[in-house]
Amino acid sequence: MADLTTTYLGLSLHNPIIVGSSGLTNNIESIKKIAKNKAGAIVLKSIFEEQITMEANKAVENDASLSTYPEAADYISNYTKQENVGQYLKLIEDAKKAVHIPVIASVNCVSSTEWTSFAKKIEAAGADALELNAFVLPSDEKNDSEKNEKFYFDLTEKVRKEISIPIALKMSYYSAGLAQLIQKLSWSGNINGLVLFNRFFSPDIDIDKMQVVANNIFSTPEEISTSLRWIALMSPKIKTDLSASTGIHSGEGIIKQILAGAKTVQLATAVYQNGPEIIPDMLKELEKWMDDNKYAKLDDFRGKMNQENTANPAAYERIQFMKYFAGIE
Ligand SMILES: Cc1cc2nc3c(=O)[nH]c(=O)nc-3n(C[C@H](O)[C@H](O)[C@H](O)COP(=O)(O)O)c2cc1C
């Protein structure tokens, strides 16, 4: 029978399926179910830096008397932060006690200042690794691409100085020089892995209510192509681990991402839509394909279809439809 074990960020996983950061991993009951269904690891729901800051500010704003006592305002602000932070640290501790698979904490970071000391507490609470959910949307016309990308480097450098547990950077695909950015981040020595890619909240317009609304909260299997392309392109060129995120809905999706060079895959939508019971089904599909193709372990086919190894390397860089849709008017 095929050996599904893998390493990721220096951690040992029973198999390459990670349940990604989401509402699925924000409570112990759900985390236990996920572990029972044989996930290789979990990434806890992100604690949001914005949320911490906002809550702290709200508490201070709501108490008008504090404006005349700046020291008290400072205290309240810190206290509120600790409350929120305290709950998150308890989630890490409880998850570590409840399950025997690696528990990766996650912070949604919008700056490299506010929270970096908090990373130490995450480490002390027992997290096996930290995933930095860094959300760069290059929407501010005052920022050039260099400034937008500098954020990733500042952030990872600062956090690296705080902790010694492994760090993964979950990033976006918005970059005019994505290949070089990924390579430089991987060479920086500050991270152990990259998660390609985060999936954004997508705005839509409700034309009856005249409101901007959230659209497509869940992915479709077709969305696998963006991360597949970039994992296939970059896996031969970098040394840090790659974890694939977005659009992995089946065992076939896992096989594709490992062929492209991924160490692990992360699931959210598939588990939301089918429950954690989909995990053993996906593992069975992976195992059967490995047995049928006589692969004893994941490394036997990992990267076999990356850009360097495939017979058709140009396919990963082809972006115009050309021949594919020729004849379809
Ligand atoms: C309801 C929901 C909540 C999510 N919350 C987070 C989060 O807190 N932090 C994070 O890094 N990603 C979050 N994600 C993104 C997922 O971890 C994942 O990257 C994305 O959904 C793409 O994977 P999928 O195609 O398997 O859904 C969330 C996704 C969903 C659907």
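This passage looks at the ligand, the pocket that holds it, and two backbone details of a predicted model.

A good place to begin is the ligand itself. Its surroundings are made up of 19 residues, and S21, S46, S219, G247 and T269 are the closest of them. Sorted by class, this shell contains 10 polar residues, along with 6 nonpolar and 3 charged ones. Newcomers to the structure may like to pick out three side chains here. In K45, an N or O atom of the side chain lies 3.0 Å from an oxygen atom of the ligand. For the side chain of K170, the distance from such an atom to a ligand oxygen is 2.9 Å. The side chain of S245 also places an N or O atom 2.9 Å from an oxygen atom of the ligand. Taken alone, the ligand would expose 600 Å², and 88% of that area is buried by the protein.

The view can now be widened to the pocket. The ligand takes up the space of the largest pocket, whose volume is about 760 Å³. Its lining is formed by 34 residues, and those closest to the pocket centre are S21, K170, N198, R199 and I217. Two elements each give two or more residues to this lining, namely strand β13, covering 264-267, and helix α9, covering 269-274. Helix α9 supplies the largest share, with 3 residues. In terms of class, the lining of the largest pocket comprises 18 polar, 12 nonpolar and 4 charged residues. Two residues are worth finding again at this point: S21 and K170 are both among the residues closest to the pocket centre. S21 is also one of the closest residues to the ligand, while K170 has the side-chain atom 2.9 Å from a ligand oxygen.

Finally, the backbone offers two details to look for. Most peptide bonds are trans, and most residues other than glycine have a negative phi. The peptide bond between L196 and F197, however, is cis, with omega at about -5°. F197 belongs to the loop that runs between β9 (193-196) and β10 (202-206). The second detail is at N216, a residue other than glycine with a positive phi, near 45°. N216 is found in the loop between β11 (211-215) and α7 (224-234).

Notes: Residues numbered from 1 in each chain as written. Predicted model: local features only at pLDDT ≥ 70, side-chain atom pairs only at ≥ 80, totals over all residues. Heavy atoms only, no water. Near = heavy atom within 4 Å. Polar contact = N/O pair within 3.5 Å; in protein donor to acceptor, adjacent residues only side chain to side chain. Areas by Shrake-Rupley, 256 points an atom, 1.4 Å probe, with all protein chains shown as cover. 1 Å grid on protein atoms, 1.4 Å probe; cavity = no way out; pocket = protein on both sides within 12 Å on 5 of 7 lines; lining within 4 Å. Sits in = over half its atoms within 2 Å of the grid points. Nonpolar A, V, L, I, M, F, W, Y, C, P; charged D, E, K, R; others polar. Points joined across faces, edges and corners; volume = space filled by probe spheres on them. Helix = DSSP H or I, 4+ residues; strand = E, 2+ residues; numbered from the N terminus.
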